[in-house]
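Subject: Structure handover

Hi,

Here is the structure I promised to pass on to you. My notes on what turned up in it follow below, so you can read them with the model open beside you.

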Amino acid sequence: MTEAGIIAKQSEERTRCLDAVLKSNASKKLIVAGAGTGKTFTFSKLLGQHEGSANLALTFIRKLVEDMAASLGASAEVKTLHAFCKKVLHQQNGRIELAPYLPKIIEGDANLLGTPLAGFESKIRNLDETSAELAFYLRRGDYYSVIGFDDAVYRLYKAIQSNPTIVPSYDQIVVDEFQDFNPLEVAFIAEISKRGKILIVGDDDQAVYDGRDASPDHLRALYQSPEFEKFELPFCSRCTKVVVDATNSIIQSAQQAGHFQGRVAKRYECYWEDKAADSRKYQKLITAQGHSVLGNKLLFQGVMQKFIAI
């Protein structure tokens, strides 16, 4: 196929993929797609259909909030999950102070009080509601009249279960980077999905926050759920063909070695109209052998630092 034919074919298919999301009447939508495939652009188009309405966009990284806010403009309230929870708790209870190092403070309290408890954050994130750690942590937070990041989500989660109207209704809710959510955050999103139509996006190949009890398995579970209508965004406008091909090659090699069990199969192609010139200019690849695999996640860092388009 000629270059013009490839561009025309990809353009037609990319438009079809976007239109499928925008025209769907499903109340629960899911996109699992790779880096640079237009997830934020899709957000902006979807929220643009509800211009002037009550829309909410959530992620959990402050830098992503800044990027999303710049892209989405006034079409949605854009917040980190923790900032959103703090805001609603403030509205319900008056002034709320957020203390980022509260878990360390409470761990110190536990030692001083002769109750050597620890691991508070993990207990909260994993919804271990019968644990002595969670009960102690909440009591100490009440004593100080402050909240930490994780218990902000937990406290609002429990409040919504008792009174769902604490969170207002929305015309459209969008949630980004779901592959990096932990069990508490997943449960919280399930609750607020009852307050409006929801679009969740993520990429289980980009899960990097297992240190905070997050897992791409939550995204994979949604992909298997009949409650969600699934959509694809297969074209990458961020990277040249050599980088996209290298990414696909690494994933394929990892799967052949028995890793990435349960991975969501997804197409990932260079979008030629945007990257043709750069792809022709940077055709070569310096490769390095990747050795390090941990559990179900390939550790790309050593490899990715060494394959450079030249």
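R267 and E269 pair through their side chains in a salt bridge, with 3.0 Å from N to O. Please keep in mind that this is a predicted model. R267 has a relative accessible area of 31%, so it is partly exposed, and E269 also counts as partly exposed because its relative accessibility is 29%. Elsewhere, salt bridges with shared partners connect D203, D204, D205, D217, R220, R263 and K266 into one network. In total, the structure holds 26 salt bridges.

K266 is a good place to look into that network. Its salt bridge with D204 has the closest N and O atoms 2.8 Å apart. That pair links distant parts of the chain: K266 sits in the loop between α11 and β10 (269–270), D204 sits in the loop between β7 (197–202) and α10 (217–224), and their positions lie 62 residues apart. Both K266 and D204 are buried. K266 also forms a salt bridge with D205, where the closest N and O atoms are 3.3 Å apart. Since K266 belongs to the loop between α11 and β10 and D205 to the loop between β7 and α10, this pair ties together parts that are 61 residues apart in sequence. Are these two partners buried or exposed? K266 has a relative accessible area of 17%, under the 20% limit, so it counts as buried. D205 is buried too, because its relative accessible area is 18%.

On to helix α11 itself, which covers residues 241–256. The helix has 16 residues and reaches 22 Å from its first C-alpha to its last, close to the 22 Å expected at 1.5 Å a residue. Which of its residues are buried? They are V242, V244, A246, T247, I250, I251 and A254. An α-helix has 3.6 residues a turn, so residues three or four places apart point the same way. Just after α11 comes G258, with a positive phi of about 95°.

Helix α7 (residues 132–144) can be read in a similar manner. With 13 residues, α7 reaches 19 Å from its first C-alpha to its last, close to the 18 Å expected at 1.5 Å a residue. Its buried residues are E133, L134, F136, Y137, L138, R140 and G141. What do these buried residues pack against? Their partners are α5 (102–112), α6 (120–125), β5 (146–147) and α8 (149–162).

D109 gives a closer view from the α5 side, since that is the helix where D109 is found. D109 counts as buried because its relative accessibility is 10%. Setting aside neighbours within four places in sequence, D109 is in contact with F136, R140 and Y144. Y144 lies in α7 and counts as partly exposed because its relative accessibility is 33%. Y144 also belongs to a nonpolar surface patch of about 490 Å², made together with Y101, I105 and Y143.

If you check backbone angles before setting anything up, here are some to look at. S145 follows α7 and has a positive phi, near 60°. L127, in the loop between α6 and α7, has a phi near 55°, a positive value in a residue other than glycine. L127 counts as partly exposed because its relative accessibility is 22%. E177 is not a glycine either, yet it has a positive phi of about 60°. E177 lies in the loop between β6 (172–175) and α9 (183–192), and it counts as buried because its relative accessibility is 16%.

Last on my list is T80, which is found in strand β3 (residues 77–80). T80 has a relative accessible area of 12%, so it is buried. Which residues does T80 touch, not counting those up to four places away in sequence? The answer is L58, T59, F60, I61, R62 and V65. The C-alpha atoms of T80 and E66 are separated by 9.7 Å, and the two residues are 14 residues apart along the chain. A polar atom of the T80 side chain lies 3.0 Å from the backbone nitrogen of A83.

Happy browsing, and best wishes!

Terms used
Residues are numbered from 1 along each chain as its sequence is written. This is a predicted model: local features need pLDDT of at least 70, side-chain atom pairs count only at pLDDT 80 or more; totals for chains, interfaces and linings use all residues. Side-chain values use heavy atoms; hydrogens and water are left out. Helices (H or I, at least four residues) and strands (E, at least two) are DSSP runs, numbered from the N terminus. The expected span of a helix is 1.5 Å times one less than its number of residues. Buried means under 20% relative accessible area, exposed over 50%, partly exposed in between (1.4 Å probe, protein chains only). Patches are made of residues with over 30% relative accessible area and no salt bridge: like charges are joined within 9 Å, nonpolar side chains (Val, Leu, Ile, Met, Phe, Trp, Tyr) within 5 Å. Accessible areas come from the Shrake-Rupley method with a 1.4 Å probe; for residues, only the protein chains shown count as cover. A salt bridge is a side-chain nitrogen of Lys or Arg within 4 Å of a carboxyl oxygen of Asp or Glu. Contact means heavy atoms within 4.5 Å. A polar contact is a pair of N or O atoms within 3.5 Å; within protein, one must be able to donate a hydrogen and the other to accept it, and residues adjacent in sequence count only if both atoms are side-chain atoms.
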